[in-house]
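Student: I am new to this structure and would like a close look at a single part of it, rather than a quick tour of everything. Could you take one helix and follow its surroundings step by step?

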Amino acid sequence: LGPFWLTLGTAIGVAGLGLLWSVLLKVDRQTFVPSLTGGLIVWQMISSCLIESSTVFARQANIIRNLRLPYFLHPMQLVMRHAINFFHNLVVFAVVAIFFSVPLSWSTLLFIPGLFIVMLNLLWISLFIGMLGARFRDVEHALAALVPLLFFVSPVIYRPDYLPFQSTIVWLNPIAHFIEIIRDPLLGSV
């Protein structure tokens, strides 16, 4: 399967989480599973970039010592690699969208500018974390502990409108905006 092993893993995760969490959150599967799929594929891109950015310069140390290249190239390579993985996982969303009859329109294509905005932000975040990680080696371990926590406080599994309380606290998390700017167009809303 090559790179589609990642896609298969995402499909299995969506199936398992979709069946379980739709029951736990008491949400209709018809709306929950496409929302979960969109949130999960965006989360995988964001979290992978965050975790790997702490070692982006350490892993490229030989290249940095031997070639004169802009330092920005290494975080750019990292973000582009995970963007390619995102497009592999987008196949899972396409299958889910067809299976659950997600309405597709021209507004669905708005996920492309949203993805571009998220990628631009991930570039500067990866550069910043990469510089910190090159100086302080503990940044890698701190991120490994922090990113799973971000999964639960970010609207990956749930949507802010599923919450029984005022969801303004959810919007204080910038990752919530990164997820929604891509997921909302995929689900057919602007």
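Tutor: What follows is a careful look at helix α6 and the parts of the chain that meet it.

Please keep in mind from the start that this is a predicted model. Before turning to the helix itself, it helps to have the setting in view. The secondary structure of the chain consists of eight helices and zero strands, so that, when the elements are read in sequence order, the pattern is α-α-α-α-α-α-α-α. Along the principal axes, the C-alpha atoms occupy a box of roughly 55 × 35 × 30 Å. The radius of gyration of the chain is 17 Å, which agrees with the value near 16 Å that a compact globule of 190 residues would have. Of those 190 residues, 45% count as buried. Among the contacts with a separation of 6 or more, 75% are between residues 24 or more positions apart.

Now to the helix itself. Helix α6 covers residues 111-135, and one of its partners is helix α8, residues 174-186; the two pack at an angle of about 165°, with their axes 8 Å apart. Because an angle over 145 degrees counts as roughly antiparallel, α6 is described as roughly antiparallel to α8. The crossing of these two helices is left-handed. On the α6 side, the contact is made by Phe 111, Gly 114, Leu 115, Ile 117, Val 118, Asn 121 and Ile 125, while α8 supplies Phe 178, Ile 181, Ile 182, Pro 185 and Leu 186. Sorted by class, the residues of this contact are 10 nonpolar, two polar and no charged.

Two residues of this contact deserve a closer look, one from each helix. Gly 114, which has its place in α6, is buried, with a relative accessible area of 3%. Leaving aside neighbours within four places in sequence, Gly 114 is in contact with Ile 181 and Ile 182, and both of these belong to the α8 side of the contact. From the C-alpha atom of Gly 114 to that of Gly 188, which is 74 residues away along the chain, the separation is 13 Å.

On the other side, Leu 186 lies in α8 and is likewise buried, its relative accessible area being 3%. With its neighbours within four places in sequence left aside, Leu 186 is in contact with Leu 90, Phe 93, Val 102, Leu 104, Thr 108 and Phe 111; of these, Phe 111 is also listed on the α6 side of the contact between α6 and α8. Leu 104 is 82 residues from Leu 186 in sequence, yet their C-alpha atoms are 7.8 Å apart in space.

The stretch that leads into α6 can be examined too. Ser 101 is found in the loop between α5, residues 73-99, and α6. Although Ser 101 is not a glycine, it has a positive phi of about 55°, and with a relative accessible area of 55% this residue is exposed.

A second partner of α6 is helix α2, residues 29-53, and the axes of α2 and α6 come within 9 Å and cross at roughly 20°. The two helices are therefore roughly parallel to each other, and α2 passes α6 in a right-handed crossing. Here Met 45, Ile 46, Cys 49, Leu 50 and Ser 53 of α2 meet Leu 115, Val 118, Leu 122, Ile 125, Ser 126, Ile 129 and Gly 130 of α6. By class, this contact has nine nonpolar, three polar and no charged residues.

Within that contact, Ser 126 of α6 is buried, with a relative accessible area of 1%. Apart from neighbours within four places in sequence, the contacts of Ser 126 are with Cys 49, Ser 53, Val 56, Pro 75, Leu 78 and Val 79.

Finally, the two partners of α6 also pack against each other, for α2 and α8 meet at an angle of about 130°, with their axes 9 Å apart. These two helices are therefore oblique to each other, and their crossing is right-handed. The residues involved are Ser 35, Gly 38, Gly 39, Val 42, Trp 43, Met 45, Ile 46 and Leu 50 of α2, together with Ile 175, Phe 178, Ile 179, Ile 182 and Arg 183 of α8. Their division by class is nine nonpolar, three polar and one charged.

Definitions and conventions:
Residues numbered from 1 in each chain as written. Predicted model: local features only at pLDDT ≥ 70, side-chain atom pairs only at ≥ 80, totals over all residues. Heavy atoms only, no water. Axes fitted to C-alpha atoms, helices over the stretch in contact; angles between N-to-C directions. Helix = DSSP H or I, 4+ residues; strand = E, 2+ residues; numbered from the N terminus. Parallel < 35°, antiparallel > 145°, perpendicular 65-115°, else oblique. Left-handed = near helix turned anticlockwise from the far one by under 90°. Contact = heavy atoms within 4.5 Å. Nonpolar A, V, L, I, M, F, W, Y, C, P; charged D, E, K, R; others polar. Rg over C-alpha atoms; globule rule 2.2 N^0.38 Å. Buried < 20%, exposed > 50% of the residue type's maximum accessible area, 1.4 Å probe, protein only.
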